[in-house]
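Visitor: Please show me the model. I would like to ask how its labels are justified.

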Amino acid sequence: MPRTALRICPLCEATCGLTLTVEGSRVTGARGDRDDVFSRGFICPKGASFGEADADPDRLRVPLVRKDGRLQEVGWDEAFDVVAARLRPLIEEHGPNAVGVVLGNPNVHTMAGALYPPVLLGALGTRNLFTASTVDQMPKHVSSGLLFGDAFAIPVPDLDRTDHLLLLGANPLESNGSLCTAPDFPGRLKALKARGGTLTVVDPRRTRTAALADRHLAIRPGTDALLLAALTQVLFEDKLTDLGALADQVTDVDELRDAVREFTPEAVSVACDVSADTIRALARELADAPTAAVYGRVGASTVAFGTVTSWLVDVLNVLTGNLDRPGGALFPLAATAQPPRPAGPGKGFALGRWHSRVSGHPEAKGELPLAALAEEIDTPGEGAVHAVVAIAANPVLSAPDGDRLDRALESLDFMVSVDPYLNETSRHADVVLPPPPPAQSAHHDFAFNGFAVRNQVRYTRAAIPLEEGRMAESEILARLVLAASGMHGADPAAVDTMVVDNTLGKAVAQPHSAAYGRDPKELAGLLTGENGPERRLDMMLRLGPYGDGFGARPDGLTLERLLAHPHGIDLGPLGPRIPEVLRTRSGRVELLPEPLAAELPRLARAVTEAPAALVLVGRRHLRSNNSWMHNVRTLVGGSNRCTLHIHPDDAARAGLTDGGRARVAAAGGEIDVPVEVTDAVRPGVVSLPHGWGHDRPGTRLAVAAEEPGVNVNQLLDGTLLDPLSGNAVLNGFAVQVSAPAPALT
């Protein structure tokens with residue numbers, strides 16, 4: 001008989017609650033959980049396809065080890081024996097930086113992906129960390145670190161209460177939101193309009209989100225920072241600034257006024273292709289709105305001025321009095337967050353504490369640019385990367401110049417990949433360790449609850465027992481930690497015990513902790529849970545801002561209480577909390593940090609630079625998530641296709657026709673792609689989606705290979721980076737588009 005089970009969807013950042021229909025060991029249906037405290041029954045096509053994604057026959061079931069040049073199925077013990085035998089000797093011979101760790105986007109969508117990679121990095125001791133952040137949101141981390149002293153203190157728009165929402169480079173009707181966790185983002189935007197609010201969208205494409213807007217500004221790509229600087233200048237010039245409750249907690253206001261003086265609407269109008277009158281009107285509307293929030297995402301982040309743009313988003317929120325107030329932009333407080341600390345100065349945020357070996361890229365948030373991974377492998381010399389540990393990562397498709405990285409990975413002395421698929425990257429591994437399908441895993445959103453538009457907490461255990469022959473992702477990563485640290489063969493539970501002991505040992509020594517002065521061994525004995533990850537979740541809940549403090553607050557959160565609420569616990573709307581958030585050296589919001597002030601002359605030069613004749617931008621698809629949803633048949637096709645969008649005028653000049661093909665060229669190479677002629681993209685701009693190119697040999701992605709698409713990042717050579725964050729410039733770069741040469745007969 002069919003039964004139902006609850007599951008939080010792990011397929012995008014919306015984190016919607018699902019009700020699964022389970023028959024035997026298979027998920028046969030998925031619908032929205034109407035009782036979920038956060039998503040209230042909302043579901044998108046990805047969630048509805050949960051069962052098909054879960055049962056994908058191309059998912060690996062057992063480990064693979066390379067023998068005689070080819071990957072062969074082996075048992076788990078043998079696979080970890082190989083990891084231990086190959087990885088430690090390389091570290092001992094070349095040092096810890098001989099290992100590069102690559103973390104992909106799916107890591108933040110699983111419990112294990114959040115809990116264990118930090119432990120692995122500590123065990124390895126390497127500084128060569130590369131993640132998906134530097135092809136996505138690193139500029140926001142850097143700007144938040146400089147403004148607030150904490151790279152993870154990222155304010156999110158208070159969607160349900162704001163009166164005016166300004167979106168830049170975001171298309172949440174397709175992406176479901178990003179760095180703004182909001183189930184049913186479309187419904188929330190429609191509710192904003194229904195209550196008389198205003199939606200303004202800045203995007204070079206007429207997206208589904210832009211079509212919903214009261215005002216759509218089809219800006220020239222890459223000039224968002226100029227637009228925001230001009231809005232800031234108007235606020236000062238027209239004396240429209242009002243910091244409200246933050247007046248005594250912000251530094252450098254006068255210095256900022258002087259720094260943006262030359263960015264007038266008239267000065268930036270031509271570069272942005274937005275009229276000066278429109279810029280002035282938008283600034284006044286933001287200032288006049290009862291509440292307003294400015295929100296920028298990937299299209300405004302993956303550009304040449306990504307960090308400056310991210311900074312100016314929050315500058316506008318500050319100057320209009322909308323930072324840290326209801327209806328504006330607020331800081332979420334997740335149930336597993338560190339307990340609030342006393343307000344006061346902190347250590348601040350530093351950039352460039354070390355640099356990459358080859359090109360000297362500064363680290364940001366402990367990471368080096370993913371675009372630099374290939375050169376760190378293929379450039380010989382002391383400090384070269386000899387081994388890679390890739391966890392849920394496919395940088396051959398997500399990083400610039402995949403062809404070079406493809407060759408570099410092939411040249412490694414050793415590579416281990418934790419991945420459910422044999423994809424464009426994991427095919428190079430010497431050992432592939434496949435985690436189980438999501439239905440066989442428990443789920444709690446450690447990362448996304450820190451960006452949620454409402455405070456809540458939810459946890460779902462595995463909907464289906466772990467299938468015989470599979471290994472839980474938590475055990476895979478724990479064993480990887482042991483193999484990397486020279487403790488191969490020890491009980492994997494020792495990793496969780498070590499983390500618990502270390503965490504509680506620190507907690508009892510912190511005066512602001514509810515565990516202060518207690519016996520850590522006693523506290524560890526109070527933890528509940530069926531396994532190490534659950535005990536760690538219980539610990540984090542108890543120590544967290546809503547927790548019971550191990551009995552100090554009887555009504556506080558524990559794992560047991562959370563399990564008694566299978567649809568989650570609502571913790572209320574976001575509220576002001578800036579004093580406890582700030583960790584700058586001054587203890588205040590530092591509105592004009594020196595590294596950002598130093599970027600303004602470069603931004604000023606962009607005002608007079610001649611725009612490229614044609615630039616490329618990416619686009620999101622509702623039925624995919626970067627490169628990892630293209631093997632689910634029900635999600636492929638329709639609008640979810642890898643085609644070049646081009647305006648009719650540009651198509652005519654290039655001799656292109658709808659349904660024909662185009663050759664697109666840039667510094668990193670050229671690609672041949674089908675054409676869609678559409679006026680949904682502004683003149684001078686073409687658009688290609690990210691994450692395609694499933695045509696390399698040696699993969700096992702049957703559905704994706706039927707319509708492989710092209711890898712848009714092959715157009716990049718890896719040299720275009722936002723200088724502060726190291727983020728790859730994936731949008732707004734110059735391309736040449738032409739009709740392909742006729743085929744030879």
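Visitor: Why does Thr584 count as buried or exposed?

Guide: Buried means under 20% relative accessible area, exposed over 50%, and partly exposed in between, with a 1.4 Å probe and protein chains only. Thr584 has 1% relative accessibility, so it counts as buried. The model is predicted: local features need pLDDT of at least 70, side-chain atom pairs count only at pLDDT 80 or more, and totals for chains, interfaces and linings use all residues. Residues are numbered from 1 along each chain as its sequence is written, and side-chain values use heavy atoms, with hydrogens and water left out.

Visitor: Where is Thr584 found, and what does it touch?

Guide: Thr584 lies in the loop between helix 24 (578-581) and strand 20 (589-590); helices (H or I, at least four residues) and strands (E, at least two) are DSSP runs, numbered from the N terminus. Contact means heavy atoms within 4.5 Å. Leaving out residues up to four places away in sequence, Thr584 touches Leu146, Leu147, Phe148, Gly149, Pro345, Gly346, Gly348 and Glu590.

Visitor: What makes a set of residues a nonpolar core?

Guide: The members are buried Ala, Val, Leu, Ile, Met, Phe, Trp, Tyr and Cys residues joined through side-chain atoms within 4.5 Å. The largest such core here has 65 residues, and Leu591 and Trp311 are among those with the most contacts inside it. Helix 10 (residues 224-237) supplies the largest share, 10 residues. A second, separate core has 53 residues, including Leu60 and Leu716.

Visitor: Which residues does Leu591 touch?

Guide: Among them are Leu147, Val250, Leu256, Trp311 and Leu319, not counting residues up to four places away in sequence.

Visitor: How many disulfides does the structure hold, and why is Cys9 not bonded to Cys12?

Guide: The structure holds 0 disulfides. A disulfide is a pair of cysteine sulfur atoms within 2.5 Å. The closest cysteine sulfur to that of Cys9 is in Cys12, 6.1 Å away, which is too far for a bond. The sulfur of Cys44 also has its closest cysteine sulfur in Cys12, at 5.2 Å, again too far. Cys9 is buried at 7% relative accessible area, and Cys44 is buried at 11%.

Visitor: Why is the protein chain called as compact as a globular protein of its length?

Guide: The chain has 28 helices and 27 strands. Its radius of gyration is 25 Å, close to the 27 Å that the globule rule gives for 745 residues, so the description holds. The radius is taken over C-alpha atoms, and the rule is 2.2 Å times the number of residues to the power 0.38.
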